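Here are some worked exercises on a single chain. Try each task yourself before reading its solution.

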Amino acid sequence: MRYLILSDIHSNLEALEKCLATSDGRYDRVLCLGDLVGYGPDPNAVIDRLQPLAAVIVRGNHDKACCGLTDAEDFNYLARAAAEWTQWQLTPDHFEFLRNLPNGPIQIDGIEIVHGSPIGEDEYIFDSLGAVEAFQSDPAPLVFFGHSHHQGGFVLTADKRLQSVHLTPIKDGEPTSITLQENARYLINPGSIGQPRDGDGRAAFAILDTEKKQIDFYRTPYDMAMTQEKMRKADLPEPLITRLEVGR
Ligand code: ZN
């Protein structure tokens, strides 16, 4: 089975469509690690696109804030402004859809998916300390997480060494692969579709092939100018618009 793993779409329809076009024919099922909405200009359209497509979706912190499950108090003012804007845009059906998204972790076919970390949906895994805590708290051999918007992740080798996943500069639309080793454990972030923060503004996703025991990481440019234009028209905060270019 080949799983397309999508995360942190953040209402960016152009980036989502480009990732779906790039991955077309290369996967059987779709898993989504949350944050469908927040920041970007197309919350309803992104939900419409993902809802029929994804076999499983776990909710993210922005999904919760945008449908009133949390009050976004711990958000910075830019994220909060975008969450409030999103709340006004959502149709009642989409609002309800977000409210009913399940909390991770969810297990499927020997894979575990979470938004932030197995420790908690709002926790970040940024560094080796966060990775060690996650590995200690959860015995799952393969966990996909999002939330940090950094593509890559961590490996705990069979002889208990912690390594980070190094992805050489990835060519547009071409996979950079890692092979899953026997008895090693993995925390993998497919990267963010709609607002990457690892210094590369191109949309990011990953595909897991459970038979080949391989994960392919992808980056692809998309029509960012269109997304930015929509954001300006919607009066979304300027720093959220410019950060797309720098991928921070
Ligand atoms: Zn996010």
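**Exercise 1: Backbone oddities**

Task: is H147 buried or exposed, and where does it sit?

Solution. Start with the area: H147 has a relative accessible area of 2%, so it is buried (under 20% relative accessible area; exposed is over 50%, partly exposed in between; 1.4 Å probe, protein chains only). Next, the place: H147 is in the loop between β6 and β7, where helices (H or I, at least four residues) and strands (E, at least two) are DSSP runs numbered from the N terminus. Then check the backbone: phi of H147 is near 80 degrees, a positive value in a residue other than glycine. For background, most residues other than glycine have a negative phi, and most peptide bonds are trans.

K213 has a positive phi too, near 55 degrees. K213 is partly exposed, with a relative accessible area of 43%. Finally, look at omega: about -5 degrees between G104 and P105, a cis peptide bond. P105 belongs to the loop between α5 (92-99) and β4 (106-108).

A word on ground rules: this is a predicted model, where local features need pLDDT of at least 70, side-chain atom pairs count only at pLDDT 80 or more, and totals for chains, interfaces and linings use all residues. Residues are numbered from 1 along each chain as its sequence is written, and side-chain values use heavy atoms, with hydrogens and water left out.

**Exercise 2: The zinc site**

Task: find which residues coordinate the zinc ion, then classify the site.

Solution. Collect the donors (N, O and S atoms within 2.8 Å of the metal, or 3.2 Å for Na, K and Ca; water is not among the atoms, so sites may look incomplete). That gives D8 (OD), H10 (NE2), D35 (OD) and H149 (NE2), at 2.1 to 2.3 Å. Now the angles: they run from 85 to 174 degrees among the four donor atoms, and the site is irregular. The cut-offs are these: four donors are tetrahedral if all angles lie between 85 and 135 degrees; four are square planar and six octahedral if opposite donors are over 155 degrees apart and all others between 65 and 115; anything else is irregular.

Last, the spacing in sequence: D-x1-H-x24-D-x113-H. D8, in the loop between β1 (2-6) and α1 (13-23), and H149, in the loop between β6 (142-144) and β7 (152-156), are 141 residues apart. Both D8 and H149 are buried.

**Exercise 3: What does E121 touch?**

Task: list the contacts of E121 beyond its neighbours within four places in sequence.

Solution. With contact meaning heavy atoms within 4.5 Å, the list is R59, K64, N103, H115, G116 and H147. Now pick out polar contacts (N or O atoms within 3.5 Å; within protein, one must be able to donate a hydrogen and the other to accept it, and residues adjacent in sequence count only if both atoms are side-chain atoms). The E121 side chain makes one with the side chain of R59 (2.9 Å), and another of 2.9 Å with that of K64. E121 counts as buried because its relative accessibility is 12%.

**Exercise 4: Walking the sheet**

Task: what is the strand order of the open sheet, and which are the edge strands?

Solution. Two strands pair if DSSP finds at least two bridges between them. The order of the six strands is β3-β2-β1-β11-β12-β9, with mixed pairing. At the edges are β3 (56-57) and β9, each pairing on one side only. Zoom in on β12 (residues 214-220): six of its seven residues are buried. It pairs with β11 (residues 203-209) in the antiparallel sense over seven bridges.
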